[in-house]
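Subject: Structure for your review

Dear colleague,

Please find below the structure that I am handing over to you. I would be grateful if you could keep it open while reading the notes that follow it.

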Amino acid sequence: MTRSIRIKSLAAAAATATLMLAGAAQAEWRGWNIHVPEYSVSLGMDQFTAEIAEKSGGRLTAKTYHSGVLGNQPDAIEQMRLGSIDFAVFNLGPMGQVVPATNVVNLPFIFNDLDHMHRVVDGPVGEQLSDAMSEKGLVPLAWYDSGARSFYNSKKPIATPEDVKGMKVRVMNNDLFVDMISALGGNASPIAFAEVYTSLKTGVVDGAENNWASYDSEGHYEVAGYYSDTGHLIIPECLCVSTTLWNSLSAEDKEIVSSAARDSAELQRELWGKRIDASRDKVLAAGVKYNEIADKGPFQSAMQPVYDKFIAANPDLEDLVKAVQAVD
Ligand code: BDP
């Protein structure tokens, strides 16, 4: 046997062994999650993995790594695109950098309330977002809730856009959110979720913005005690699987996985409402100073340049913005 033939047959034997391994047992799918285990998103994902194991008779196994141990969200999106993370619940905030169409739902005040957001993502606009994401290697299977995001900070209550002037505010990684803060006269810093607590504590930023549940679960209320109810962003989250994984599934397994995803979203949306109330009660009892915004009009009109810049940079998405606004 010549050396080259010997190497070829060794390689063939190794390939056969790999195939046999793959046939014997599917590798456990790796799931990314930024939240602590008791968060509603985490409970939804736990139900998702339990249901696919059960419905497939243990053939499909999946494990969610909670608390962001697999890295921050922008990196995790890239890892899913490369196929090294199999499933995840992503907020569409950081998704906008990768899939421009998703920025339509990241526009400040685009939704009137949570129900409006549901009607949009559960309808044809949701389909368009799914198509755009699938083209980039991420297949959304169901939409989760993350409520409305409002400003909080360590300095003072925010009642008007002038109050944000000069403030250093943490945002999720997306140029659109930098523009949003600039339009209010503040200085935005995109910082990873895991680093927000320390950034607030050490004064790297004065404030941030998020929903009640994350404000509570990450302990931000301990270091930024003013919560002002601007509700400027209502961003959906998606339970996604990688295109690599999705394309490897049989029709039967696709059905198991998608119906488990839909069931998990139903559970998560139900838990969400309860969690929001519990978190709000908890942080208010801990002494957080909360203020409603009597008139959100000035915040909304301050966002016009953000919309103008977005449409100018993405003329192809103007119709999608209009489609969202047309859903009542
Ligand atoms: C939370 C989202 C999470 C984001 C986080 C953030 O659920 O996906 O990573 O906000 O602000 O509300 O980074």
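The notes below cover the ligand, then a sheet, and finally a pair of helices.

Please bear in mind that this is a predicted model.

The ligand is surrounded by residues that include Ile34, Gln73, Asn91, Ser146 and Met172. Phe193, Asn210, Asn211, Ser214 and Glu237 also belong to these surroundings. Sorted by class, the shell around the ligand consists of 6 polar, 3 nonpolar and 1 charged residues. Where does the ligand lie with respect to domain 1 and domain 2? Domain 1 (27-146 + 235-277) and domain 2 (148-234 + 287-326) both contribute residues to the shell, and the ligand therefore lies between them.

Turning to the sheet, 5 strands make up an open sheet with mixed pairing, and their order is E2-E1-E3-E10-E4. Its edge strands are E2 (62-65) and E4 (138-144), each of which pairs on one side only. On average, neighbouring strands of this sheet are turned by 25° against each other, direction ignored. In general, the strands of a sheet pair through backbone hydrogen bonds, in either a parallel or an antiparallel manner. Here, strand E1 (residues 29-32) pairs with E2 in the parallel sense, over 4 bridges. Glycine 31 stands opposite threonine 64 in E2.

Finally, helix H2 (residues 40-55) and helix H11 (residues 251-285) have axes that come within 8 Å and cross at roughly 155°. Because of this angle, H2 is roughly antiparallel to H11. The crossing of H2 and H11 is right-handed.

Yours sincerely,
A colleague

Note on methods:
Residues numbered from 1 in each chain as written. Predicted model: local features only at pLDDT ≥ 70, side-chain atom pairs only at ≥ 80, totals over all residues. Near = placed C-beta within 6 Å. Nonpolar A, V, L, I, M, F, W, Y, C, P; charged D, E, K, R; others polar. Domains from an automatic or database assignment. Pairing = 2+ DSSP bridges. Helix = DSSP H or I, 4+ residues; strand = E, 2+ residues; numbered from the N terminus. Axes fitted to C-alpha atoms, helices over the stretch in contact; angles between N-to-C directions. Parallel < 35°, antiparallel > 145°, perpendicular 65-115°, else oblique. Left-handed = near helix turned anticlockwise from the far one by under 90°.
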